[in-house]
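Biologist: I would like to go through this structure in short questions. Please give the cut-offs as we go.

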Amino acid sequence: MVRTDTEIPVMEHFYTLQGEGHHAGTPAYFIRLAGCDVGCHWCDVKESWSVSEDQWMPISEVTQIARESGAPIAVITGGEPTMYDLGPLTRSLKAAGLRTHIETSGAHPFTGDFDWVTLSPKKFKAAREEYFSQAHELKVIVYNAHDLTWAVEQAAHCDPQRTKLYLQPEWSRRDRVDQVIQFILKHPQWHLSLQTHKYINIP
Ligand code: SF4
(Lines give C-alpha, C1' and ligand atoms only; values in the text may rest on other atoms or scores of the structure.)
Protein backbone atom coordinates (compact mmCIF):
# COMPACT_ATOMS: atom_id res chain seq x y z
CA MET A 1 0.00 0.00 0.00
CA VAL A 2 2.89 2.40 0.76
CA ARG A 3 4.02 4.23 -2.38
CA THR A 4 7.04 6.13 -1.06
CA ASP A 5 8.14 7.19 2.41
CA THR A 6 7.62 10.83 1.44
CA GLU A 7 3.84 10.44 1.07
CA ILE A 8 1.02 9.38 3.39
CA PRO A 9 -2.72 8.84 2.65
CA VAL A 10 -4.77 11.56 4.35
CA MET A 11 -8.56 11.34 4.53
CA GLU A 12 -8.96 14.78 6.09
CA HIS A 13 -6.98 17.32 8.08
CA PHE A 14 -8.23 20.25 10.10
CA TYR A 15 -7.45 22.56 13.01
CA THR A 16 -9.85 22.22 15.92
CA LEU A 17 -10.11 21.61 19.65
CA GLN A 18 -9.46 18.08 20.76
CA GLY A 19 -12.83 16.67 21.77
CA GLU A 20 -12.12 13.74 24.05
CA GLY A 21 -9.72 12.13 26.47
CA HIS A 22 -6.95 13.73 28.51
CA HIS A 23 -6.38 16.67 26.12
CA ALA A 24 -10.04 17.58 25.59
CA GLY A 25 -10.34 21.29 24.92
CA THR A 26 -6.74 21.63 23.67
CA PRO A 27 -6.15 23.13 20.20
CA ALA A 28 -4.62 20.60 17.84
CA TYR A 29 -4.16 19.97 14.14
CA PHE A 30 -5.83 16.66 13.28
CA ILE A 31 -4.37 14.51 10.53
CA ARG A 32 -6.77 11.64 9.86
CA LEU A 33 -5.00 8.97 7.83
CA ALA A 34 -7.01 6.85 5.41
CA GLY A 35 -7.24 3.09 5.85
CA CYS A 36 -8.42 0.80 8.66
CA ASP A 37 -8.58 -2.98 8.95
CA VAL A 38 -9.98 -3.21 12.50
CA GLY A 39 -13.69 -3.23 11.60
CA CYS A 40 -15.56 -1.96 14.69
CA HIS A 41 -19.26 -2.39 13.89
CA TRP A 42 -20.13 0.89 15.65
CA CYS A 43 -17.39 2.89 13.87
CA ASP A 44 -18.55 6.44 13.08
CA VAL A 45 -15.86 7.04 10.42
CA LYS A 46 -16.41 4.01 8.18
CA GLU A 47 -15.48 6.24 5.23
CA SER A 48 -11.91 6.09 6.61
CA TRP A 49 -11.58 2.34 6.05
CA SER A 50 -10.52 2.49 2.39
CA VAL A 51 -7.73 4.40 0.65
CA SER A 52 -8.03 6.11 -2.73
CA GLU A 53 -5.25 7.24 -5.03
CA ASP A 54 -6.06 10.91 -4.66
CA GLN A 55 -5.62 10.81 -0.86
CA TRP A 56 -1.83 10.41 -0.97
CA MET A 57 -0.21 13.67 0.11
CA PRO A 58 3.44 14.67 0.35
CA ILE A 59 4.48 14.63 4.02
CA SER A 60 6.17 18.00 3.46
CA GLU A 61 2.83 19.50 2.39
CA VAL A 62 0.87 18.09 5.37
CA THR A 63 3.59 19.39 7.68
CA GLN A 64 3.57 22.86 6.15
CA ILE A 65 -0.22 23.14 6.47
CA ALA A 66 -0.14 21.98 10.10
CA ARG A 67 2.71 24.37 10.96
CA GLU A 68 1.02 27.35 9.28
CA SER A 69 -2.20 26.67 11.23
CA GLY A 70 -0.40 27.76 14.40
CA ALA A 71 -1.40 24.57 16.23
CA PRO A 72 0.96 23.49 19.01
CA ILE A 73 0.11 19.80 18.57
CA ALA A 74 -0.50 17.48 15.63
CA VAL A 75 -2.79 14.53 16.38
CA ILE A 76 -2.32 11.56 14.05
CA THR A 77 -5.53 9.55 13.93
CA GLY A 78 -7.52 7.46 11.50
CA GLY A 79 -8.66 5.08 10.32
CA GLU A 80 -5.89 3.10 11.92
CA PRO A 81 -2.72 5.19 11.58
CA THR A 82 -0.33 2.40 12.60
CA MET A 83 -0.93 0.70 9.26
CA TYR A 84 1.88 3.01 8.05
CA ASP A 85 5.46 3.72 9.10
CA LEU A 86 4.92 6.95 11.03
CA GLY A 87 8.63 7.73 11.37
CA PRO A 88 8.87 10.12 8.40
CA LEU A 89 5.65 12.01 9.27
CA THR A 90 6.44 12.45 12.97
CA ARG A 91 10.05 13.48 12.29
CA SER A 92 8.81 16.07 9.82
CA LEU A 93 6.17 17.46 12.22
CA LYS A 94 8.62 17.65 15.12
CA ALA A 95 11.22 19.37 12.96
CA ALA A 96 8.51 21.96 12.22
CA GLY A 97 8.05 22.54 15.96
CA LEU A 98 4.85 20.59 16.60
CA ARG A 99 4.29 18.12 19.41
CA THR A 100 3.11 14.79 18.08
CA HIS A 101 0.21 12.79 19.49
CA ILE A 102 -1.36 9.58 18.21
CA GLU A 103 -4.71 7.90 18.72
CA THR A 104 -4.50 4.22 17.80
CA SER A 105 -6.06 0.82 18.41
CA GLY A 106 -2.51 -0.58 18.54
CA ALA A 107 -3.26 -3.15 15.86
CA HIS A 108 0.03 -2.79 13.96
CA PRO A 109 3.70 -2.34 14.96
CA PHE A 110 4.56 0.87 16.81
CA THR A 111 6.53 3.36 14.71
CA GLY A 112 7.21 7.08 14.91
CA ASP A 113 8.29 9.58 17.55
CA PHE A 114 5.35 10.60 19.74
CA ASP A 115 4.99 12.91 22.73
CA TRP A 116 1.65 11.37 23.67
CA VAL A 117 0.17 7.96 22.90
CA THR A 118 -3.55 7.36 23.32
CA LEU A 119 -4.26 3.65 23.08
CA SER A 120 -7.88 2.82 22.34
CA PRO A 121 -7.84 -0.97 21.99
CA LYS A 122 -10.68 -2.69 20.18
CA LYS A 123 -12.19 -6.13 20.74
CA PHE A 124 -12.22 -6.72 17.01
CA LYS A 125 -8.40 -6.78 16.60
CA ALA A 126 -6.20 -7.03 19.69
CA ALA A 127 -3.69 -4.32 20.51
CA ARG A 128 -0.07 -5.42 20.29
CA GLU A 129 1.59 -5.76 23.69
CA GLU A 130 4.19 -3.06 22.93
CA TYR A 131 1.48 -0.36 23.03
CA PHE A 132 0.56 -0.95 26.66
CA SER A 133 4.00 0.15 27.87
CA GLN A 134 3.96 3.16 25.49
CA ALA A 135 0.47 4.42 26.36
CA HIS A 136 0.13 7.69 28.26
CA GLU A 137 -3.63 7.23 28.06
CA LEU A 138 -5.84 4.14 27.75
CA LYS A 139 -9.26 5.00 26.39
CA VAL A 140 -11.84 2.23 26.23
CA ILE A 141 -15.08 2.81 24.33
CA VAL A 142 -18.10 1.48 26.22
CA TYR A 143 -20.77 0.09 23.92
CA ASN A 144 -22.20 -2.68 26.09
CA ALA A 145 -21.96 -3.71 29.75
CA HIS A 146 -19.23 -6.30 29.11
CA ASP A 147 -16.95 -3.54 27.84
CA LEU A 148 -16.38 -2.46 31.45
CA THR A 149 -15.02 -5.92 32.33
CA TRP A 150 -12.93 -5.86 29.17
CA ALA A 151 -11.61 -2.39 30.06
CA VAL A 152 -10.28 -3.72 33.38
CA GLU A 153 -8.54 -6.58 31.53
CA GLN A 154 -6.91 -4.09 29.15
CA ALA A 155 -5.81 -1.80 32.00
CA ALA A 156 -4.05 -4.73 33.67
CA HIS A 157 -1.49 -4.61 30.82
CA CYS A 158 -0.66 -0.92 31.47
CA ASP A 159 1.85 0.74 33.77
CA PRO A 160 -0.27 2.34 36.52
CA GLN A 161 2.42 5.02 37.09
CA ARG A 162 2.33 6.10 33.44
CA THR A 163 -1.06 5.41 31.91
CA LYS A 164 -4.18 7.45 32.66
CA LEU A 165 -7.37 5.42 32.35
CA TYR A 166 -10.49 6.67 30.54
CA LEU A 167 -13.90 5.17 29.80
CA GLN A 168 -15.86 6.75 26.98
CA PRO A 169 -19.49 5.85 26.25
CA GLU A 170 -19.88 5.22 22.52
CA TRP A 171 -21.82 8.13 21.01
CA SER A 172 -24.90 6.12 20.01
CA ARG A 173 -24.94 4.54 23.52
CA ARG A 174 -24.47 7.72 25.54
CA ASP A 175 -27.48 6.58 27.58
CA ARG A 176 -24.86 4.31 29.22
CA VAL A 177 -23.16 7.30 30.83
CA ASP A 178 -24.90 6.69 34.19
CA GLN A 179 -23.58 3.12 34.26
CA VAL A 180 -20.08 4.38 33.44
CA ILE A 181 -20.27 7.05 36.16
CA GLN A 182 -21.33 4.46 38.75
CA PHE A 183 -18.40 2.25 37.70
CA ILE A 184 -15.91 5.14 38.02
CA LEU A 185 -17.21 6.10 41.46
CA LYS A 186 -16.39 2.56 42.59
CA HIS A 187 -13.09 2.41 40.68
CA PRO A 188 -11.66 5.94 40.97
CA GLN A 189 -8.49 5.17 39.01
CA TRP A 190 -10.73 5.55 35.93
CA HIS A 191 -11.94 8.85 34.43
CA LEU A 192 -14.86 9.75 32.19
CA SER A 193 -14.18 10.81 28.60
CA LEU A 194 -16.97 12.34 26.52
CA GLN A 195 -16.96 13.21 22.83
CA THR A 196 -17.44 16.91 23.60
CA HIS A 197 -16.85 17.91 19.96
CA LYS A 198 -20.09 16.10 19.08
CA TYR A 199 -22.04 17.97 21.76
CA ILE A 200 -20.79 21.36 20.52
CA ASN A 201 -20.82 20.31 16.85
CA ILE A 202 -17.22 20.92 15.85
CA PRO A 203 -15.09 18.48 13.80
FE1 SF4 B 1 -13.38 2.81 13.07
FE2 SF4 B 1 -11.27 3.34 14.63
FE3 SF4 B 1 -12.53 0.94 14.80
FE4 SF4 B 1 -11.07 1.57 12.62
S5 SF4 B 1 -10.32 1.29 14.75
S6 SF4 B 1 -13.10 0.61 12.64
S7 SF4 B 1 -11.47 3.77 12.43
S8 SF4 B 1 -13.38 2.97 15.35
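What follows is a set of questions and answers on the ligand, the pocket, the cysteines and a few single residues.

Modeller: Two remarks on the source come before the questions. This is a predicted model in which local features need pLDDT of at least 70 and side-chain atom pairs count only at pLDDT 80 or more, while totals for chains, interfaces and linings use all residues. Residues are numbered from 1 along each chain as its sequence is written, and side-chain values use heavy atoms, with hydrogens and water left out.

Biologist: Where does the ligand sit?

Modeller: A pocket is found on a 1 Å grid over the protein atoms alone, as an open set of points with protein on both sides within 12 Å along at least five of seven lines. A molecule sits in a pocket if more than half of its atoms lie within 2 Å of its grid points. By that rule, the place of the ligand is the largest pocket.

Biologist: How many residues of the shell around the ligand are charged?

Modeller: A residue belongs to the surroundings if one of its heavy atoms lies within 4 Å of the molecule, and those residues include C36, C40, W42 and G79. Ala, Val, Leu, Ile, Met, Phe, Trp, Tyr, Cys and Pro count as nonpolar, Asp, Glu, Lys and Arg as charged, and the others, Gly among them, as polar. The shell has seven nonpolar and three polar residues, and the number of charged ones is zero: there are no charged residues.

Biologist: Which element gives the most to the lining of the largest pocket?

Modeller: The largest pocket has a volume of about 790 Å³, the space filled by probe spheres (1.4 Å) set on grid points joined across faces, edges and corners. Its lining has 38 residues, each with an atom within 4 Å of a point, and they divide into 14 nonpolar, 13 polar and 11 charged. Strands are DSSP runs of E, at least two residues, and helices are runs of H or I, at least four, numbered from the N terminus. With five residues, the element that gives the most is β1.

Biologist: How many disulfides does a search of the whole structure find?

Modeller: A disulfide is a pair of cysteine sulfur atoms within 2.5 Å. The sulfur of C158 has its closest cysteine sulfur in C40, 18 Å away, so the two are too far apart for a bond. The search of the whole structure gives a count of zero.

Biologist: Is C40 buried or exposed?

Modeller: Buried means under 20% relative accessible area, exposed over 50%, and partly exposed in between, with a 1.4 Å probe and protein chains only. The relative accessibility of C40 is 7%, so C40 is buried.

Biologist: Which residue does a cis peptide bond join to G78?

Modeller: The bond has an omega of about 20°. The partner of G78 is found in the loop between β4 (73-77) and α2 (87-95). That partner is G79.

Biologist: What is the phi of N201?

Modeller: N201 lies in the segment after α6, and its relative accessible area is 69%, so N201 is exposed. N201 is not a glycine, although its phi is positive, at about 60°.

Biologist: How far apart in space are K164 and W190?

Modeller: K164 belongs to strand β8 (residues 164-169) and is partly exposed because its relative accessible area is 34%. K164 and W190 are 26 residues apart in sequence, and their C-alpha to C-alpha separation is 7.6 Å.
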